[in-house]
There are 2 protein chains.
Amino acid sequence: MEQPLDPYLQRTLTQMRRGTLELAVLLAIARQQEAYASDIVTELERANQLIVEGTLYPLLARLREEALVSYRWEESASGPPRKYYQLTDRGKHALSALQTSWHETITSLTQLAAK
Amino acid sequence: MEQPLDPYLQRTLTQMRRGTLELAVLLAIARQQEAYASDIVTELERANQLIVEGTLYPLLARLREEALVSYRWEESASGPPRKYYQLTDRGKHALSALQTSWHETITSLTQLAAK
DNA sequence: TATAGTACCTTGTATAGCAAGGTACCTAGG
DNA sequence: CCTAGGTACCTTGCTATACAAGGTACTATA
């Protein structure tokens, strides 16, 4: 039973997603070696990270432009062809750098929260 | 010795800050009971969270509009008067809610990162 | 009466999440 | 056939916010 969220909290959580979605998507791709958009959505849902198409497709396009991921087309028996994404070497390095920053952020906030 | 950052990483880290700065500022105020802008900057620097004036002042104004903080003026012997901020009850609740979301996010990403 | 230090705040720009809407492929039922 | 439903890709418009840069004003000191 979900309560409707305070608009303030809603907005702030959206901002929080900005910092983590890109990392989460890179992790989801890394985890599966190869993934197309629906795989990523499913993988993130499993981890309670919601992402919608209007967010994911532009994000994948950015990752592509930055050469963090590459893709290949694959035909599907049950619909249009799919773009399967995989991490490039550059993507693996970026993922590693982001994880480091992420851990530093956790450390900082943990320290701030300690009385 | 700081290396100049990859512009991509730079941008992404800025996005990461979006999600955490508001939480960090609320924590910094809570920690000190009362704080003015410079106190907050100092407190965050100590935790390795950089924040600049052009970010902090608008953020404090937003917190004020949302009634998460209130302030009182205090004269200073060494310059212009200062605005000392403190959390309101609503602010304490919001802080608590944000911390909960923050921990959930950590859990999600930790789960995604686990092989 | 300058100059330096402190403290407040605003303007303009770029970025990215999201709602909503669009195109096109495939299969199955009538 | 051809229409409906499911799948998959993508775009447009809106909004929020971090940050660089610039601005005002108070106090103390030389």
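**Exercise 1.** Which helices and strands of chain A and chain B each supply at least two residues of the surface near DNA strand D?

*Solution.* The model is a predicted one, and we begin with chain A, where α1 (7-32), α2 (37-46), α3 (53-65) and β2 (79-87) each supply at least two residues of that surface. We then turn to chain B, where α1 (7-32), α3 (53-65) and β2 (79-87) do so. By class, the surface near DNA strand D is made up of 10 nonpolar, eight polar and eight charged residues.

**Exercise 2.** Find which residues come nearest to DNA strand D, and state what part of the strand's atoms within 4 Å of the protein is sugar and phosphate.

*Solution.* Of the 26 residues around DNA strand D, those that come nearest are A:Y57, A:R82, A:K83, B:R17 and B:R18. Sugar and phosphate make up 70% of the atoms of DNA strand D that come within 4 Å of the protein. Individual side chains can then be added: an N or O atom in the side chain of A:Y36 is 2.8 Å from a phosphate oxygen of the strand, and a polar side-chain atom of B:R62 lies 3.3 Å from a phosphate oxygen of DNA strand D. For A:Q15, an N or O atom of the side chain is 3.5 Å from a sugar or linking oxygen of DNA strand D.

**Exercise 3.** Decide whether B:T20 is buried or exposed, and list its contacts beyond its neighbours within four places in sequence.

*Solution.* B:T20 is found in helix α1 of chain B. Its relative accessibility is 3%, and therefore B:T20 counts as buried, the cut-off for buried being under 20%. Leaving aside neighbours within four places in sequence, B:T20 is in contact with A:T105 and A:L109 of chain A, and with B:Q49 and B:W102 of chain B.

Terms used. Residues are numbered from 1 along each chain as its sequence is written. Chains are lettered from A and ligands numbered from 1 in the order in which they are written. This is a predicted model: local features need pLDDT of at least 70, side-chain atom pairs count only at pLDDT 80 or more; totals for chains, interfaces and linings use all residues. Side-chain values use heavy atoms; hydrogens and water are left out. A residue is near a molecule or strand if one of its heavy atoms lies within 4 Å of it. A polar contact is a pair of N or O atoms within 3.5 Å; within protein, one must be able to donate a hydrogen and the other to accept it, and residues adjacent in sequence count only if both atoms are side-chain atoms. Helices (H or I, at least four residues) and strands (E, at least two) are DSSP runs, numbered from the N terminus. Ala, Val, Leu, Ile, Met, Phe, Trp, Tyr, Cys and Pro count as nonpolar, Asp, Glu, Lys and Arg as charged, and the others, Gly among them, as polar. Buried means under 20% relative accessible area, exposed over 50%, partly exposed in between (1.4 Å probe, protein chains only). Contact means heavy atoms within 4.5 Å.
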